[in-house]
Amino acid sequence: MSFKRSNSLSGLSIADHSKDAFLELKRKKDHRYVVFKIDEKKKEVVVEKTGNPAESYDDFLASLPENDCRYAVFDYDFVTSDNCQKSKIFFFAWAPSTSRIRAKMLYATSKENFKHELDGVHYEIQATDPSEMDLEVLKDRAH
């Protein structure tokens with residue numbers, strides 16, 4: 001049985017397993033990334049895919065659909081100029097220009113409330129094209 005928290009602005013709820021997957025990424029480092037989708041029939045945000053810790057940023061990008069919107073979080077590991085190992089969590093709002101207008105509106109109106117449930121996100125990237133999510137963008141933001 002799944003309990004859901006209502007997202008008052010958009011009428012969407014957030015499935016418990018969505019928040020659990022984020023916590024597994026954040027605390028346990030069980031996932032490199034989590035891709036979320038809005039299940040329009042159930043009116044809830046659900047986990048579509050998780051990437052294991054060995055997966056790369058390219059694997060993450062390949063997991064996003066070419067023609068549909070998604071939310072995602074990616075745990076970006078890097079080494080600072082002081083040679084310290086760091087990790088930053090990026091939240092992505094992926095809305096390709098080729099996706100349906102209704103999907104873009106649904107994801108746009110639900111984004112802030114959903115992101116608010118993910119405590120511990122460091123940076124947000126909104127993208128309509130893969131070039132807006134280039135690894136260099138993450139490097140620039142994290143350093």
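Which residues line the largest pocket? In this predicted model, the lining is made up of Arg70, Tyr71, Ala93, Trp94, Ala95, Lys104, Tyr107, Ala108, Lys111, Gln126, Ala127 and Thr128. The notes below cover that pocket, the nonpolar cores, the annotated domain and several single residues.

**The largest pocket**

- The volume of the largest pocket is about 150 Å³.
- Four elements give two or more residues to its lining: β5 (70-79), β6 (85-94), α3 (101-117) and β7 (123-127).
- Helix α3 provides the largest share of the lining, with 4 residues.
- By residue type, the lining of the largest pocket holds 7 nonpolar, 2 polar and 3 charged residues.

**The nonpolar cores**

- As a general point, nonpolar side chains in soluble globular proteins tend to be buried together.
- The largest nonpolar core in this model has 20 residues.
- Within the largest core, the residues that touch the most other members are Phe36, Ile38, Val45, Tyr71, Val73, Phe91 and Phe114.
- At least two residues of this core come from each of β2 (12-15), α1 (16-28), β3 (33-39), β5, β6 and α3.
- The largest share of this core, 4 residues, is supplied by α3.
- Apart from this core lies another one, of 17 residues, which includes Phe74, Tyr76, Phe78 and Ala127.
- Tyr71 is named both in the lining of the largest pocket and among the core residues that touch the most other members.
- Ala127 is a lining residue of the largest pocket and belongs to the core of 17 residues.

**Contacts of Val73**

- Which residues does Val73 touch, not counting residues up to four places away in sequence?
- With those neighbours left out, Val73 touches Phe22, Leu25, Arg32, Tyr33, Val34, Phe36, Phe60, Ile89, Phe90, Phe91, Leu118 and Val121.
- Two of these contacts, Phe36 and Phe91, are listed with Val73 among the members of the largest core that touch the most other members.

**The annotated domain**

- An unreviewed UniProt entry places the feature "domain: ADF-H" at residues 11-143.
- Over residues 11-143 the chain is 34% helix and 33% strand.
- The end C-alpha atoms of residues 11-143 are 37 Å apart.

**Lysines with positive phi**

- Lys29 is found in the loop between α1 and β3, and its phi is near 60°, a positive value in a residue other than glycine.
- Lys29 counts as partly exposed because its relative accessibility is 37%, and partly exposed covers the range between the 20% and 50% cut-offs.
- Lys43 is found in the loop between β3 and β4 (44-51).
- The phi of Lys43 is near 55°, again a positive value in a residue other than glycine.
- Lys43 has a relative accessibility of 46%, so it counts as partly exposed.

**Two residues of helix α1**

- Lys19 lies in helix α1, and its relative accessibility of 21% makes it partly exposed.
- The C-alpha atoms of Lys19 and Pro53 are separated by 18 Å, and these residues are 34 residues apart along the chain.
- Leu23 also lies in helix α1, and at 30% relative accessibility Leu23 counts as partly exposed.
- Leu23 and Asp39 are 16 residues apart in sequence, while their C-alpha atoms are 21 Å apart.

**Gln85 in strand β6**

- Is Gln85, in strand β6, buried or exposed?
- Gln85 is exposed because its relative accessible area is 56%, and exposed means over 50%.
- Leaving out residues up to four places away in sequence, Gln85 touches Asp77, Phe78 and Val79.
- One of these contacts, Phe78, is a member of the core of 17 residues.
- From C-alpha to C-alpha, Gln85 and Tyr123 are 18 Å apart in space, with their places 38 residues apart in sequence counted as the separation.

**Ser56 in a loop**

- Ser56 lies in the loop between β4 and α2 (57-63).
- With a relative accessibility of 31%, Ser56 counts as partly exposed.
- Ser56 and Arg32 are 24 residues apart in sequence, and their C-alpha atoms are 7.8 Å apart in space.
- Arg32 is also one of the residues that Val73 touches.

Note on methods. Residues are numbered from 1 along each chain as its sequence is written. This is a predicted model: local features need pLDDT of at least 70, side-chain atom pairs count only at pLDDT 80 or more; totals for chains, interfaces and linings use all residues. Side-chain values use heavy atoms; hydrogens and water are left out. On a 1 Å grid over the protein atoms alone, a cavity is a set of points where a 1.4 Å probe fits but cannot get out, and a pocket is an open set with protein on both sides within 12 Å along at least five of seven lines; lining residues have an atom within 4 Å of a point. Grid points are joined across faces, edges and corners, and a volume is the space filled by probe spheres set on the points. Ala, Val, Leu, Ile, Met, Phe, Trp, Tyr, Cys and Pro count as nonpolar, Asp, Glu, Lys and Arg as charged, and the others, Gly among them, as polar. A nonpolar core is a set of buried Ala, Val, Leu, Ile, Met, Phe, Trp, Tyr and Cys residues joined through side-chain atoms within 4.5 Å. Buried means under 20% relative accessible area, exposed over 50%, partly exposed in between (1.4 Å probe, protein chains only). Contact means heavy atoms within 4.5 Å. UniProt positions are given in the numbering used here, feature names are shortened, and annotations may be inferred rather than shown by experiment.
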